[in-house]
Each structure stands twice: as structure tokens, then as C-alpha cells.
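Colleague: Could you walk me through this model and tell me how each label was earned?

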Amino acid sequence: MLETVSKGFRSAKNRLAGKTEITPELVDESLRDIRISLLEADVAFDVVKKFVARIREKAIGEVVALTTTDKQGRKIRVSPGDHFIKVCHDELESLMGPVDTSLKLNGKDQTSGIMMVGLQGSGKTTTVGKLASKLSKEGRKPLLIAADIYRPAAVDQLKVLGERVGVPVYFEPDLQPPELAKRGYAAARQQGRDVVIIDTAGRLAIDEELMQELEAIKAAVAPDNILLVCDAMIGQDSVRTAAEFDRRLNLDGFILTKLDGDARGGAALSIKEVTGKPIKFLGMGESLDRLEEFRPSGLA
Ligand code: GDP
């Protein structure tokens, strides 16, 4: 997903290969490659600026140290290029971390709640199905609450997904979403289900009415987790969306979808930096098993 970014780091590395000394000029040239590739990958401008400044400070400040300690604590000799790459690697990891892919789940004698929010088309309903499948495999018993009551198709879509992953779906017509969510919790308790996943309504863009409805659902059931599903294809817009949803709902984390497509991945690098909240999972395809935990060390 981060091909553009890798290209920048690779050319920075090549620039430094074989050099016995790193000069500030050389660092700046390398950082230029990296800056361009990050911007091309659609990472937010402010995020890029700060990131590059941090690397520059570390790379130039530590240039004299030509030995470092490896993972076992042994001293090893490093080339300036290696050192620079390590600084980049560490900064990339801290840009995307700390990693926290956990969900807040109670003991099985208590109902845990996951409220899923996101704009229309972000992949929210699909991701509800993926999460239900994942939790079922982990020995949980999810129940899905169809609280997107405005589009009849959304309720039907969720019922189809529920059937495919073998998980019951709660829906009752003529109820407002907060009341529907409450009754969904009650239904879960009655049916011995230990996790509810609430599929909420989306809009094409953020609007006040939607935010108020989501706040009302949150107030009604106090879900243990509120996760925003974000379409990685929309790039910087997803970062703005993430920041606004977080401001209104105090999110626990994000799920970025459609990273199997030609999304440039920059959003993944920006969202965490801008909101301070972790990315929990990545959607890597339309089918229901394509949900992966976010592991930035691999990416870096
Ligand atoms: P909602 O309006 O947010 O509930 O979005 P949907 O769940 O209906 O998804 C919108 C479209 O995105 C559907 O065609 C999904 O199959 C597709 N989609 C969802 N997640 C992914 C993903 O991770 N990768 C790809 N390629 N498509 C996805």
C-alpha cells in the first residue's frame, strides 16, 4: 500500500550508500526524496513537515556515532546510510504507533458494545460483517444491530451479511436509533450474545443531524468502543473526517478500508498523527475475511 513512500526511502538510501560520512547537505538531499514521496502518497503536509524535521534533527545530531547497539545490546559498526535508515524507520514506526489493535471487551457474562460510525460508502456495513466474523472465530457471540434505519437497503444488507457469517441481526421498524440500540442490547442479553456491533447511519458528508444522532446513540447505550470506518481511497478527506468524528464522539480508533485498491496509504500515516488515536484494523478487500490488524512495524 505504501509503494510511493517506499520509493522515496529507497532513493534516499541509495543516495547514502557507500558514503563514509553524512553531511547535512547529503541528509537534506535524502530528506527531499522522502518529503516528495510522502506528499505523493498523500500524507498531510503538516505531518510531513514535522516528520522530516524530526529525522533531520536526529540524523544530523547523531552523525558522529558510528557504532550502535543491536537488539541484543551488542555494539556494532554501522555505516552512515544504515544509521539514517534506522532513524527513518524508528520515526515511521512512532508516526504510526503506538500500536493498539485491542478492543475493549468485557467478560462473556456481560454485553460488550462496539459502535461503528462512518460516512456512506466508507465500507462500514461490510466491516461490521468482517468484525462479526473475526469475533465469532475468537469465541465471542456477536449480535448485529441495524441502526441505519433510513435506507431499507442497509438493513437488508446487514441481514444478508449476518446470515453469511452466522450471526443474528436485530432490527425493529419505527424506532429511533438510540431506542433501537437499547433494545438491541436487551435482545443480546436475552439471546445469550456477548458482543453487540451497532451499524449506524452514514451520510455523504459530515452533517450536524448525523452527529447529533450518533451522540444520542452513544449516550443511550455507552458502547465500550466507538470505531470510525474510513475509506483510504479518499486520501486527505479521510483525515478531516476522522478529526471531526473524533471531536464529536471521542473515538477509540479507526478502521481504514479499501487498502487493497490503489489508495496511496498516506491517510494511514496522517490519521494517527492528527487525532492521536490508533488505527485498529485495515480492510484489505470486499470479502468478509479481509480484515487485518494494523501492524505498522511491518509497514515501516
Ligand atoms: P457503507 O455505506 O459504509 O455501509 O459501505 P458498504 O459496506 O456498503 O461498502 C461500500 C462498498 O465498498 C461496497 O461495494 C464494499 O464491497 C466495498 N468495500 C468495503 N470494504 C472494502 C475493502 O476493504 N476493500 C475493497 N476493495 N472494497 C471494500
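Modeller: Happily! A helix here is a DSSP run of H or I with at least four residues, and a strand is a run of E with at least two. Counted that way, the protein has 11 helices and 10 strands. Do keep in mind that this is a predicted model.

Colleague: What makes glutamine 157 a polar contact of the ligand?

Modeller: The cut-off is a pair of N or O atoms within 3.5 Å. A polar side-chain atom of glutamine 157 lies 3.1 Å from a ligand oxygen, so the pair qualifies.

Colleague: And how do you know that lysine 130 and glycine 285 belong in that group too?

Modeller: By the limit of 3.5 Å again. Lysine 130 brings a polar side-chain atom to 3.3 Å from an oxygen of the ligand, while glycine 285 uses a backbone N or O atom, at 3.2 Å from a ligand oxygen. Both distances are within the limit, therefore both are polar contacts. As for cover, the ligand alone exposes 590 Å², and the protein buries 79% of that.

Colleague: Which residues surround the ligand, and what is the largest share of the shell?

Modeller: There are 16 around the ligand, and the closest are Gly121, Lys124, Thr125, Thr126 and Glu286. Helix α5, residues 124–137, gives the largest share, with 4 residues.

Colleague: Why are residues of the protein called buried?

Modeller: Because their relative accessible area is under 20%. Of the 300 residues, 51% count as buried.

Note on methods: Residues are numbered from 1 along each chain as its sequence is written. This is a predicted model: local features need pLDDT of at least 70, side-chain atom pairs count only at pLDDT 80 or more; totals for chains, interfaces and linings use all residues. Side-chain values use heavy atoms; hydrogens and water are left out. Buried means under 20% relative accessible area, exposed over 50%, partly exposed in between (1.4 Å probe, protein chains only). A residue is near a molecule or strand if one of its heavy atoms lies within 4 Å of it. A polar contact is a pair of N or O atoms within 3.5 Å; within protein, one must be able to donate a hydrogen and the other to accept it, and residues adjacent in sequence count only if both atoms are side-chain atoms. Accessible areas come from the Shrake-Rupley method with a 1.4 Å probe; for residues, only the protein chains shown count as cover.
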